[in-house]
Amino acid sequence: MEKKADDNPLVSGSSSEDFTEWRDILSKTVAGDPSCSRPLDNFKNTFRMSKKCFDYICSLVKDHMMAKTHFAFSNGKPMSLYDQVALALTRLASGNSLISIGDIFGAHHSTVSQITWRFVEGIEEKGLHHLQWPSSEQEMTKIKQKFEKIRGLPNCCGAIETTHITMLLTSSDQESETWLDQKQSHSMILQAIVGPDMRMLSVVTGWPGKMSDSSVLRNSNFFKLCENGRKLSGQKIRISNETELGEYIIGGSGFPLLPWLLTPYQGKELSENEAEFNKRLLTTHSVSQKALMRLKDVWRMIHGEMWRPDKHKLPRFILVCCILHNIVIEMDGLDELLLSAQQQHDPGYRQQICESVDEAGLVVRDKLCMYFSG
């Protein structure tokens, strides 16, 4: 039996007091995470964050979202800030269509679109400080210490990884060929440098999925800053009487070997020391893969194939999902049980091999390998 809009608490204007009542109904309507192996409270199951975190996000976007157009439900009742943020988060976290979200909330699909975009603008404006490269030596020292605790890599500042955000484009789209990748899917690249707690420290997005990991990196501002000595140029440490080690990040085999970017040894006949080095590096690097798994698992709008997205707006949606990813980790921590149930972040894509090797990078990697061998 179909309910009338007025009978559904989701479509009545709500305040902070009665917000709790209708979000319980929403939690039963929006599909939860099937991999979750322990009970979560209804709020966290719906929005993938605590009520405290939700309230903080509301405080970030309040001025931007309430300053202009005032939105209303289909029955004419005005939407509160809580309603609008809940709608936008549901859109980003569920990946459901504008029409589906509109049906859940009792709002027109154009209203869903406008509110979600207003929310994206608000997070960009007020939340960008949650996604930035460490600005102090003290902050970077904590990151290095946490990385070293994983498998002993000293002076490591981040782990870099790439994933594809897939799109469903029609043949009538004149730019569809541009976005075809190695899997013959249409996709956009997200390349992230991740800290030891799975927070994003720097992201690049907007490039077509056909581009290699190395090409995306070389076209980034981060690459230029590192090459010019304006990033990863902090304190060096002494790992032996004769050897100093500068700051660096680590990456997989799809990235070039550079003095500030260390990658695994390649080849089938590796020495025992080289194989051990690879194990240490790849185990440490896995934090970046887990971070992208979590990002796509929580913010499902960028998980599956998006139907004909606006390719000019999509990078901003991706960025906001990364900012929200960091905010949730900062305020709620990580749910290891949810993480353990996840699979690959980029299924179906072959491991890339980059043969670009900088001689100075070879020297740094060999010195670090010798350090581990004793």
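Helices (H or I, at least four residues) and strands (E, at least two) are DSSP runs, numbered from the N terminus. I keep that definition at the top of my page, as most entries below lean on it.

**Entry 1: ground rules.** I am working with a predicted model, where local features need pLDDT of at least 70 and side-chain atom pairs count only at pLDDT 80 or more, while totals for chains, interfaces and linings use all residues. Residues are numbered from 1 along each chain as its sequence is written, and side-chain values use heavy atoms, with hydrogens and water left out.

**Entry 2: the whole chain.** I found 13 helices and 8 strands. Of the 374 residues, 52% count as buried (under 20% relative accessible area; exposed is over 50%, partly exposed in between; 1.4 Å probe, protein chains only). I then looked at contacts (heavy atoms within 4.5 Å). Among those with a separation of 6 or more, 71% join residues 24 or more positions apart.

**Entry 3: the largest pocket.** My terms first: on a 1 Å grid over the protein atoms alone, a cavity is a set of points where a 1.4 Å probe fits but cannot get out, and a pocket is an open set with protein on both sides within 12 Å along at least five of seven lines; lining residues have an atom within 4 Å of a point. Points are joined across faces, edges and corners, and a volume is the space filled by probe spheres set on them.

The largest pocket holds about 530 Å³ of space. It has 23 lining residues, and Arg91, Leu98, Met301, Trp307 and Pro309 are the closest to its centre. Which elements each supply at least two residues of this lining? I noted helix H4 (81-94), helix H6 (109-127), strand E8 (306-307) and helix H11 (314-332). H6 has the largest share, 4 residues. I sorted the lining by class (Ala, Val, Leu, Ile, Met, Phe, Trp, Tyr, Cys and Pro as nonpolar; Asp, Glu, Lys and Arg as charged; the others, Gly among them, as polar). The result was 9 nonpolar, 8 polar and 6 charged residues.

**Entry 4: the second largest pocket.** Here I read about 450 Å³ of space. Its lining has 20 residues, with Glu161, Gln289, His345, Arg350 and Gln351 nearest the centre. Strand E1 (156-168) and helix H10 (272-298) each give at least two residues, and H10 gives the most, 4. By class I counted 5 nonpolar, 11 polar and 4 charged.

**Entry 5: a cavity and its hairpin.** The structure has 3 cavities of 30 Å³ or more, and the second largest holds about 50 Å³. Its lining is Ile160, Gln191, Ile193, Ser202, Val203, Val204, Leu217, Ser220 and Phe222. Strands E2 (186-194) and E3 (200-208) are the elements that give two or more residues to that lining, and E3 leads with 3. No charged residue turns up, just 6 nonpolar and 3 polar.

I followed E2 and E3 further. They pair in the antiparallel sense over 6 bridges (strands pair if DSSP finds at least two bridges between them). Val194 stands opposite Met200 in E3. The two strands form a hairpin with 5 residues between them, and Met198 in the turn has a positive phi of about 75°.

**Entry 6: a bent helix.** Where is the kink in helix H3 centred? I located it at Leu60, with a bend of about 45° in residues 51-66 (the angle between axes fitted to the seven residues ending there and the seven starting there). Leu60 is also one of the buried residues of H3, alongside Cys53, Phe54, Ile57, Cys58, Val61, His64 and Met65.
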